Amino acid sequence: SQYLSRPIMRLRSAAEEISKGNRDIRIDITGTDEIGDLARSFNVMVESLKREEEIRKHLMSNIAHELRTPLTIIKTHIEAMEDGIIRDRDKGLENIKGEINRLIKLIKGIEDITTAEASFFTKGEVTEVNLREFLSELLGELRPAFKEKGLEITLMKQEEIVVATDIEKLEKILRNLLSNALKFTERGGVWIDYGLQEGNFYIEIKDSGRGIPEDKIPFIFNRFYRIEGSGSEGIGLGLAIVKELVDIMGGRIEVQSRINEGSTFRVYLPKG
């Protein structure tokens with residue numbers, strides 16, 4: 001009786017610790033029976049809870065920092081207008097409007113990261129997909145935006161490669177990377193390649209854009225990170241979403257870049 005009940009008691013005790021906020025508790029797995037499977041599931045659940053809590057704490061800290069600057073500027077401009085320091089009312093209102101638009105973009109970015117986080121903790125449906133067909137359809141949808149800017153967007157091969165993956169997460173990854181390429185490329189274009197390598201499939205997005213300083217590459221996947229002087233009006237969430245989605249899918253992402261020559265992002269994911 002004690003042999004059978006002891007693992008259940010350990011699970012109960014661990015569950016009580018979780019309810020008190022202890023996210024470091026884990027169950028020692030000693031068997032391969034149903035109790036062992038339950039312990040594994042419990043540990044996975046706790047790890048997910050811990051990761052979610054860390055992400056939310058980090059996000060709230062970043063949001064507070066990002067909100068503080070435009071709100072401070074708005075408050076300063078209003079006080080300056082009230083005190084007569086800023087006499088050009090239209091100019092003052094234009095500056096305030098600019099900061100309000102920045103706040104709107106920030107809120108939109110928060111909505112995007114919230115949606116992405118929901119998918120981080122949701123096991124997506126794995127389906128078979130033909131990479132040539134999938135990429136051709138995606139590029140066809142995005143081509144007008146590139147054409148409007150005078151850029152080419154090209155699929156480098158037409159090879160039939162079928163993989164099993166979470167198509168919803170993959171599409172979010174590629175849309176963010178292609179949006180980034182469009183934003184930072186003024187001439188030339190974007191080239192997409194794909195293939196198989198050592199049990200993985202890869203998709204590569206190469207552009208002829210501004211490039212990224214070598215010493216900044218380690219930071220580009222951090223939330224709210226923006227390279228100074230880049231001229232970007234974004235809020236620094238796109239690549240953070242990409243990295244977290246790639247991680248949750250069990251893959252990796254590599255970056256190569258040269259200033260004024262362009263950047264190459266290659267995503268590796270299990271082929272299923």
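1. A crossing of two helices is left-handed if the near helix is turned anticlockwise from the far one by less than a right angle. By that rule, H5 passes H6 in a left-handed crossing. This is a predicted model.

2. The axes of H5 and H6 come within 9 Å and cross at roughly 150°. Angles over 145 degrees count as roughly antiparallel, so H5 is roughly antiparallel to H6. On the H5 side the contact is made by Lys169, Lys172, Ile173, Asn176, Leu177 and Asn180. H6 contributes Gly238, Leu239, Ile241, Val242, Leu245, Val246 and Ile248.

3. Next, the core. The largest nonpolar core has 41 residues. Leu177, Ile192, Ile203 and Phe265 touch the most other members. At least two residues each come from helices H4 (131-148), H5 (167-183) and H6 (238-248). The same holds for strands S2 (152-155), S4 (189-197), S5 (200-207), S6 (252-258) and S7 (262-270).

4. Another core, of 7 residues, lies apart from that one. Its members include Ile27, Ala39, Phe42 and Val46.

5. Phe265 deserves a look of its own. Neighbours within four places in sequence aside, Phe265 is in contact with Leu177, Ile203, Glu204, Ile205, Ile212, Ile220, Phe221, Leu239, Ile253, Glu254 and Val255.

6. Now strand S2. In a regular strand the side chains alternate between the two faces of the sheet. In S2, Ile153 and Leu155 point to one face and are buried. Glu152 and Thr154 point to the other and are not buried. S2 pairs with S4 in the parallel sense, over 4 bridges. Thr154 stands opposite Trp191 of S4.

Key. Residues numbered from 1 in each chain as written. Predicted model: local features only at pLDDT ≥ 70, side-chain atom pairs only at ≥ 80, totals over all residues. Heavy atoms only, no water. Core = buried A, V, L, I, M, F, W, Y, C linked by side-chain atoms within 4.5 Å. Buried < 20%, exposed > 50% of the residue type's maximum accessible area, 1.4 Å probe, protein only. Contact = heavy atoms within 4.5 Å. Pairing = 2+ DSSP bridges. Axes fitted to C-alpha atoms, helices over the stretch in contact; angles between N-to-C directions. Parallel < 35°, antiparallel > 145°, perpendicular 65-115°, else oblique.
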